[in-house]
Amino acid sequence: MNWVSELIDLYEKNTDQVGIVAYKGEFPYVLLPPFHTTVTAQVEVTIDAKGTFLHAEAVDLNDKFTIIPVTEKSGSRTAGKEPHPLCDNLRYLAGDYATYCKDDGVCNELYMEQLEQWAESDISHEKVKAIYTYLKKKCLIKDLVEQKVIVLDDNGQINEKESIQGIAQTKAFVRFIVRSASEELYQENPDECWKDRSLQECYIRYVRAQEGEKGLCYLTGNMEPISYLHSKKIRNEGDGAKLISANDSQNFTYRGRFTSREEAFAVGNETSQKLHNALKWIIRKQGISFDTLTLVAWESDLLQMPAWNVDTDTIETEYEMQDEWEDDWDDSEPVFDGNEITANKFYQALRGYGKKVDHTSFMILLGFDAATSGRLAMVENQTLDTTRYLKNIEKWHESCGWIHEKWKDKKRIQFYGMVGVKDVADILFGIEDKGRLTIVDANGKKLYAEVAKRLLTCIWNGTKIPYDYVSRAVQKASSPLCYKDQKNWERVLTLACSLVKKYRNEENKQEDWNVALDRNETDRNYLYGRLLAVADRIEYRTYDEKDRARVTNAKRYMTTFSQRPFDTWKVIEENIQPYFNKLGIAERRYYENLLDEINNLFEVDNCEDNRRLNGLYLLGFHSQSYDFKVKKEHADEKNEEE
């Protein structure tokens with residue numbers, strides 16, 4: 001299937017969701033009926049079924065999201081005067097607008113003419129007739145002024161300095177509530193026009209009844225009325241960029257290849273409506289944005305699948321929260337064995353997801369970006385068997401698996417696996433801001449999209465990790481003095497370990513590094529990393545409470561150490577001698593023996609090799625440091641038991 005067929009199929013499979021407003025956090029979204037769009041309304045006018053004014057007020061800030069019918073031209077309106085069929089700005093609806101604001105009245109004339117045609121047609125609706133009856137009285141502004149919704153200036157004109165919810169009064173958008181004559185009618189259809197499915201269906205029939213000549217839709221091959229004006233608001237409600245557009249007959253949108261736009265492309269009106277509405281819905285439901293880049297992935301039957309861009313802990317948590325899969329979940333703690341650290345819940349989650357799919361299931365990924373405010377480009381279009389997708393997700397988190405920390409529920413937690421894509425961008429390219437690593441520069445935020453695009457192929461298709469990311473992570477992890485907060489540097493260090501682990505495994509399949517310390521490893525880089533960790537630990541063990549913020553000599557020399565390890569180690573070893581004397585006899589002997597043990601693993605030539613260390617030294621450093629931490633925790637637990 002191509003992307004058009006996939007989106008239309010998505011729409012047809014979810015017709016039961018049409019018109020139902022749902023929320024993603026505090027943001028509403030809806031699968032729109034054909035020939036409808038969404039707006040944010042500022043004014044709400046209530047009338048009865050006979051068109052008598054009852055009440056008006058500013059729309060509740062938490063209930064501005066409004067579904068309205070649109071025409072082919074009004075749905076693409078920018079600077080033109082094409083009116084919407086039912087709800088619109090004051091300039092269109094108010095027959096007395098020119099009395100209170102300088103205006104030629106053309107917009108109102110166009111609107112009333114169009115509304116009259118619908119109200120008096122055979123395919124009309126009682127709400128449409130009521131609104132038409134009311135607006136014919138040309139008293140909308142007057143009623144809004146009396147209700148103190150609109151504020152006038154000293155000259156009796158609409159005060160242009162006043163606004164309604166941040167929108168100029170003259171541009172306020174109005175929606176209608178038409179009170180039913182009986183409670184039974186209200187139970188069947190709500191009074192709010194934007195919630196009334198019968199009104200929406202009525203307008204759909206009205207548009208179809210007026211459809212004219214049919215043509216060949218280039219996307220589906222069906223004969224249907226053709227449209228050359230297509231939807232915007234694709235990535236978000238404020239998005240003016242269009243995916244399909246060729247309205248430039250003067251320059252070079254299609255000239256040079258075709259003599260007319262009809263030769264270039266022709267898309268059926270209803271086909272366009274369905275594919276755009278399905279795309280808007282799925283993006284708002286489960287899309288993600290990295291600056292101007294928007295990516296959305298979904299399973300063909302809309303089963304919930306693990307997101308490709310999140311960290312390992314999030315995948316575990318989201319699976320655990322699915323009530324219908326509770327029986328598959330094991331509440332036991334992740335297993336940490338002596339050689340390889342495994343995260344049981346992660347693998348259990350992926351197995352649970354895999355049980356829900358069949359051999360016909362597949363994942364669809366679409367990506368959109370815009371170089372200008374008017375044109376949207378599809379930059380990603382992938383389809384992948386769902387089983388393969390789950391395998392690739394597992395491979396990514398497993399091959400990058402390391403111990404990471406993050407804030408969760410207002411406390412710092414550890415998890416084994418890989419951090420999310422946005423975290424990778426923040427760690428590699430961000431700076432410290434308010435205690436966190438983040439990209440703060442407006443231009444720099446483009447890096448979010450760049451990182452997402454480059455890691456997408458690694459995660460979705462299993463391609464190799466970009467070496468420049470590995471190199472950058474190692475470089476930043478080798479510069480702990482660049483960070484005010486030790487925890488931020490530790491995030492850089494653990495990401496570097498993840499990337500180095502994956503890179504070395506891709507270069508040499510026999511290398512499979514783990515957080516658990518390998519006491520038999522003789523690689524020069526790994527051993528030098530261990531030595532640095534021991535030196536860091538010796539000095540840190542002598543600090544009292546007031547010294548906790550001090551940087552050890554090991555970290556102070558880390559950048560130089562990574563470039564000239566043999567020469568720098570002599571300096572570090574000399575510097576830690578005074579700290580040995582501060583340790584107890586047993587502890588001093590333990591660290592002396594450990595240094596001897598590590599030095600004995602060196603081959604003579606390797607020890608004296610002063611070449612730059614590769615990223616493997618960070619794995620040795622972190623594994624040795626983590627081993628110290630685990631031993632301390634076990635010792636503390638033993639002391640508590642005694």
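How many of the six residues of strand β4 (residues 43–48) are buried? In this predicted model, the count is five of the six, so β4 is largely enclosed by the rest of the structure. This strand makes a convenient starting point for a reader meeting the structure here.

Strand β4 pairs with β5 (residues 53–58) through five bridges, and the two run antiparallel. Within this pairing, T46 has H55 of β5 as its bridge partner. Four residues lie between the strands of the β4 and β5 hairpin, where G51 takes a positive phi near 85°. Strand β4 is also joined to β10 (residues 173–179), this time by six bridges and in a parallel arrangement. Here V45 stands opposite F176 in β10. Both arrangements fit the general picture, in which strands of a sheet pair through backbone hydrogen bonds, either parallel or antiparallel.

Further along the chain, an open sheet is formed by four strands in the order β14-β15-β16-β17, with antiparallel pairing. The edges are taken by β14 (288–290) and β17 (377–385); each has a single partner strand, so one side of each is left without a neighbour in the sheet. From one strand to the next, the twist averages 15°. Strand β16 (residues 362–369) is joined to β17 by eight bridges, and these two strands run antiparallel. One position to look for is G367, which stands opposite E380 in β17.

Outside the strands, T71 is found in the loop between β6 (65–69) and β7 (88–89). Is this loop residue buried or exposed? T71 counts as buried because its relative accessibility is 18%, and buried means under 20%. Leaving aside residues up to four places away in sequence, T71 touches E82, P83, P85, Q114 and Y203.

A contrasting setting is provided by M223, which lies in strand β12 (residues 223–227) and counts as exposed at 54% relative accessibility. Together with L216 and Y218, M223 makes a nonpolar surface patch of about 320 Å².

Charged side chains add another layer to the picture, with 33 salt bridges in the structure. In one of them, the side chains of K127 and D196 meet at 2.8 Å, N to O. K127 belongs to helix α5 (residues 126–135), while D196 lies in the loop between α7 (183–188) and α8 (197–209), so the pair ties together parts that are 69 residues apart in sequence. Both K127 and D196 are buried.

Another salt bridge brings together the side chains of K406 and D313, at 3.0 Å from N to O. This pair links distant parts of the chain, 93 residues apart, with K406 in strand β18 (residues 402–408) and D313 in helix α11 (residues 312–320). K406 is buried, with a relative accessible area of 19%, and D313 counts as buried at 8% relative accessibility. The two residues also take part in a network of salt bridges that links D311, D313, K406 and K408.

A further salt bridge joins the side chains of D468 and R454 (2.8 Å, N to O). D468 is in helix α16 (residues 467–477) and R454 in helix α15 (residues 446–461), so this contact ties together parts that are 14 residues apart in sequence. D468 counts as partly exposed at 39% relative accessibility, and R454 is partly exposed with a relative accessible area of 28%.

Key: Residues numbered from 1 in each chain as written. Predicted model: local features only at pLDDT ≥ 70, side-chain atom pairs only at ≥ 80, totals over all residues. Heavy atoms only, no water. Pairing = 2+ DSSP bridges. Axes fitted to C-alpha atoms, helices over the stretch in contact; angles between N-to-C directions. Buried < 20%, exposed > 50% of the residue type's maximum accessible area, 1.4 Å probe, protein only. Contact = heavy atoms within 4.5 Å. Patch = residues over 30% accessible without salt bridge, like charges linked within 9 Å, V, L, I, M, F, W, Y side chains within 5 Å. Areas by Shrake-Rupley, 256 points an atom, 1.4 Å probe, with all protein chains shown as cover. Salt bridge = Lys/Arg side-chain N within 4 Å of Asp/Glu carboxyl O.
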